[in-house]
Amino acid sequence: GATIQIPTATPQPTATARPTATPIPTAVPTIVRLAAPVLVSPANLDGFNASSQPVLDWQPVAGMTLQDYYYVKVAFTMANGETGYADADVAGTSFGVPWWVFDAATPPDRLASWTVQVRRVGPDGQIVELSPASSSRQFYWR
């Protein structure tokens, strides 16, 4: 009686996948798209005389934060035929057109167009447009 020992197979180690590092998401600011401002006055093609300053008004835009502002742009043709601009960042819902526009715009009508848009300064200092520009209106200043 000899005893025979049958060798057992030694299991080969299996390769296990190394856990991969889960990427940490970078915070991306969410920009809410707001509605375009709705212009109130003056009505399209309203006129002003030389002694009255045009004041542009629009409705407040819902959803704005303290970081947001209105960008008002008034465009007009100058005597040399080039387009001139009077623009401003405004916290409220009105803008008095600067008196110098009267002198810079081409007589006799001194026709100007204007729009309003909601903007914000982004974390990198760049301007972020939060709304499309409003519809455009025109006024004259004689």
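Read along the sequence, the protein chain follows the pattern β-β-β-β-β-β-α-β-β-β, and this description rests on a predicted model. The count behind that pattern is one helix and nine strands. Of the 142 residues in the protein chain, 29% are buried, and the area that the chain exposes comes to about 9600 Å², with carbon and sulfur atoms supplying 56% of it. Among the contacts with a separation of 6 or more, 66% are between residues 24 or more positions apart.

**The open sheet S1-S3-S6**

- Three strands form an open sheet in the order S1-S3-S6, and their pairing is antiparallel.
- The edges of this sheet are strand S1 (39–41) and strand S6 (94–96), each of which pairs on one side only.
- Direction ignored, neighbouring strands of this sheet are turned against each other by 25° on average.
- Strand S1 and strand S3 (residues 55–58) run antiparallel and are joined by two bridges, and within this part of the sheet Leu39 stands opposite Trp58 in S3.

**Strand S4 and its two partners**

- Strand S4 (residues 68–77) is mostly covered, since eight of its ten residues are buried.
- With S7, strand S4 pairs in the antiparallel sense over nine bridges; Tyr69, for example, has Arg119 in S7 as its bridge partner.
- With strand S5 (residues 83–90), strand S4 is joined by eight bridges, and these two strands also run antiparallel; here Tyr70 stands opposite Val90 in S5.
- The hairpin of S4 and S5 has five residues between the strands, and in this hairpin Gly81 takes a positive phi near 90°.
- As general background to such pairings, the side chains in a regular strand alternate between the two faces of the sheet.

**Two residues of strand S7**

- Arg120 is found in strand S7, which covers residues 112–121, and with a relative accessible area of 14% Arg120 counts as buried because this value is under the 20% limit.
- The side chain of Arg120 makes a polar contact with the side chain of Asp68, at 2.6 Å.
- Val118 is also found in strand S7, and Val118 is buried, with a relative accessible area of 0%.
- Not counting residues up to four places away in sequence, Val118 touches Leu34, Pro37, Val61, Met64, Asp68, Tyr69, Tyr70, Val128, Glu129, Leu130 and Ser131.
- One of these contact partners is Ser131; the C-alpha atoms of Val118 and Ser131 are separated by 5.2 Å, although the two residues are 13 residues apart along the chain.
- Asp68 therefore appears in two descriptions of this strand, as a residue that Val118 touches and as the polar partner of the Arg120 side chain, where the pair is within the 3.5 Å limit for a polar contact.

**Aromatic pairs and the cluster at Trp141**

- The structure holds five aromatic pairs, and one of them joins Trp99 and Trp141, whose ring centres are 5.7 Å apart and whose planes stand at 45°, so that the pair is tilted.
- Trp99 lies in the loop between S6 and helix H1 (100–104), whereas Trp141 lies in strand S9 (residues 137–141), so this pair ties together parts that are 42 residues apart in sequence.
- The accessibility of these two residues can be stated separately: Trp99 is partly exposed, with a relative accessible area of 42%, while Trp141 counts as buried at 1% relative accessibility.
- Phe102 and Trp141 form another pair, with ring centres 5.4 Å apart and planes at 70°, so the pair is edge-to-face, because planes over 60 degrees apart are assigned to that class.
- This second contact of Trp141 also links distant parts of the chain, given that Phe102 is in helix H1 and Trp141 is in strand S9, 39 residues apart.
- Phe102 counts as buried, at 15% relative accessibility.
- Taken together, Trp99, Phe102 and Trp141 form one aromatic cluster, which brings together residues from the loop between S6 and helix H1, from strand S9 and from helix H1.

Terms used
Residues numbered from 1 in each chain as written. Predicted model: local features only at pLDDT ≥ 70, side-chain atom pairs only at ≥ 80, totals over all residues. Heavy atoms only, no water. Helix = DSSP H or I, 4+ residues; strand = E, 2+ residues; numbered from the N terminus. Buried < 20%, exposed > 50% of the residue type's maximum accessible area, 1.4 Å probe, protein only. Contact = heavy atoms within 4.5 Å. Areas by Shrake-Rupley, 256 points an atom, 1.4 Å probe, with all protein chains shown as cover. Polar contact = N/O pair within 3.5 Å; in protein donor to acceptor, adjacent residues only side chain to side chain. Pairing = 2+ DSSP bridges. Axes fitted to C-alpha atoms, helices over the stretch in contact; angles between N-to-C directions. Phe/Tyr/Trp six-rings, centres within 6.5 Å; stacked < 30°, edge-to-face > 60°.
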